[in-house]
Amino acid sequence: MTDHQHADHAHEHPTWTQYKWVAIVLTVITAFEVWIYYTPFKDSPFFVPLLLILSAVKFAIVVLFYMHLKYDHKLFKALFTGPLIIAMCTITALLFLFSKLKA
Amino acid sequence: MATAEHTHEHVHYTATGLDNRKIAIWAFIGSECMLFASLISTYLIYKGRSIVGPFPHEAWTSPAGQVFKPILNIPVTSVSTFVLLMSSLAMVLALAAVENRGKPGYVGTALGNSKLWLATTAALGATFLGFQAFEFTSFVHEGLTIRTNLFGSSFFTLTGFHGAHVTVGVLWLMTLLFIDFKRGLTPKDSLIVDICALYWHFVDVVWIAIFTLVYLIK
């Protein structure tokens, strides 16, 4: 294997068992999200923050394990997280600008 | 040696030692993050500002006395979300099957059958599109089109863009499946499967955000 190939494929990937557990965790979190939607908890002030946290956890799990970003080159991490941070800042700024969020 | 040189004729590495195709797909995914951020922002800004119904979470009675139910169907969308999450599992198994072709534990087993996992991923993606077609059709029958109100405009634009991305992903997967049937995908082809997988998982994570922001949060 050449240096180039080594640099590109040096990362290890999760095993089938890890993939299976990732799928189970994603399914359980999704089922929990839908379940609390049908409970009185949905009127609680903690409902939206909890859903956003659970969604962020699912997002991170897919990116880290299924997209292998946890094991991949730091340049790929930068190429993804840089625009993602800009995107999240843009959403937050626009929601403040249009009075959907209040300081 | 001759084989190694021959392989390098077709591969373009950058100064970082990384294949430029993989850098390109990550840069593309980064740009897609901003595209979907703009669509999600638009949806959230317009949320609750429609003057006429139907509305996503509340019933509405028109001036003519016609009653519209809350339009979002959470149980159906929950199932389609589950289908898309499982397609991501099938996709990583397809990549693992190609990368590990010929290795112990993969030869002659379902885990090593890349055709099976590519076909499963494409089928689950097509099923998701079927759910979306059903949802769009039922919304139109219930009186919500892209021109009805701000909710309809932003909802169909956001989910329509996502559906278009899923459609591209299914076509991409079917192309890989065709190549696999035609000449067989080998570990040397793992990068082209990896690039498709990255796109597919990105489509999945976008839906994770849409499902929470559009469907579950009132």
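## Helices α3(B) and α6(B)

In this predicted model, α3(B) and α6(B) are roughly antiparallel to each other, because their axes cross at roughly 160 degrees and an angle over 145 degrees counts as roughly antiparallel. Helix α3 of chain B covers residues 74–99, helix α6 of chain B covers residues 190–216, and their axes come within 10 Å. The crossing of this pair is left-handed.

If you would like to trace the contact on the structure, the α3(B) side includes I74(B), T77(B), T81(B), L84(B) and L85(B), and continues through residues including S88(B), M91(B), V92(B) and L95(B) to V98(B) and E99(B). Facing them from α6(B) are residues including S190(B), V193(B), D194(B), A197(B), W200(B), H201(B), W207(B), F211(B) and Y215(B). Sorted by class, this contact has 14 nonpolar, five polar and three charged residues.

## Helices α3(B) and α4(B)

Helix α3(B) also packs with α4(B): the two axes come within 8 Å and cross at roughly 160 degrees. That angle makes α3(B) roughly antiparallel to α4(B). The crossing of α3(B) and α4(B) is left-handed, and their contact has 16 nonpolar, eight polar and one charged residues.

## Across the chains: α3(A) and α6(B)

Now for a helix pair that spans both chains. How are α3(A) and α6(B) oriented to each other? Their axes lie 9 Å apart, at an angle of about 175 degrees, and the two helices are therefore roughly antiparallel.

From α3(A), the contact uses L51(A), L52(A), S55(A), K58(A), F59(A), V62(A), V63(A) and Y66(A). From α6(B), the partners are H201(B), D204(B), V205(B), I208(B), A209(B), T212(B) and L216(B). By class, there are ten nonpolar, three polar and two charged residues in this contact. H201(B) and D204(B) also appear in the contact of α6(B) with α3(B).

## Chain A and its side of the interface

Chain A has four helices and zero strands, giving the pattern α-α-α-α along the sequence. Of its 103 residues, 22% are buried.

The contact between the chains takes 41 residues from chain A and 41 residues from chain B. On the chain A side, at least two residues come from each of α1 (3–9), α2 (16–37), α3 (47–66) and α4 (74–97). The largest share, 13 residues, belongs to α4(A). This side of chain A divides into 27 nonpolar, nine polar and five charged residues.

## The largest nonpolar core

The largest nonpolar core holds 67 residues, and those with the most contacts inside it are V92(B), L93(B), A94(B), L95(B), V193(B) and A197(B). Several of these names are familiar: V92(B), A94(B), L95(B), V193(B) and A197(B) also take part in the contact between α3(B) and α6(B).

Elements of both chains give two or more residues to this core: α2, α3 and α4 of chain A, together with α2, α3, α4 (114–141), α5 (150–182) and α6 of chain B. Which element gives the most to this core? That is α6(B), with 17 residues.

## A look at E32(B)

E32(B) is found in helix α2 of chain B, residues 20–46. Is E32(B) buried or partly exposed? E32(B) is partly exposed, because 18 other C-beta atoms lie within 10 Å, and a buried residue needs 20 or more.

The C-alpha atom of E32(B) is separated by 9.6 Å from that of V203(B), although these residues are 171 residues apart along the chain.

Technical notes:
Residues are numbered from 1 along each chain as its sequence is written. Chains are lettered from A and ligands numbered from 1 in the order in which they are written. This is a predicted model: local features need pLDDT of at least 70, side-chain atom pairs count only at pLDDT 80 or more; totals for chains, interfaces and linings use all residues. Axes are lines fitted to C-alpha atoms, for helices over the stretch in contact, and angles run from 0 to 180 degrees between N-to-C directions. Angles under 35 degrees count as roughly parallel, over 145 as roughly antiparallel, 65 to 115 as roughly perpendicular and the rest as oblique. A crossing is left-handed if the near helix is turned anticlockwise from the far one by less than a right angle, and right-handed if clockwise. Two residues are in contact if their C-beta atoms, placed from the backbone, lie within 7 Å. Ala, Val, Leu, Ile, Met, Phe, Trp, Tyr, Cys and Pro count as nonpolar, Asp, Glu, Lys and Arg as charged, and the others, Gly among them, as polar. A residue is buried if 20 or more other C-beta atoms lie within 10 Å of its own, exposed if 12 or fewer, and partly exposed in between; C-beta atoms are placed from the backbone. A nonpolar core is a set of buried Ala, Val, Leu, Ile, Met, Phe, Trp, Tyr and Cys residues joined through C-beta atoms within 7 Å.
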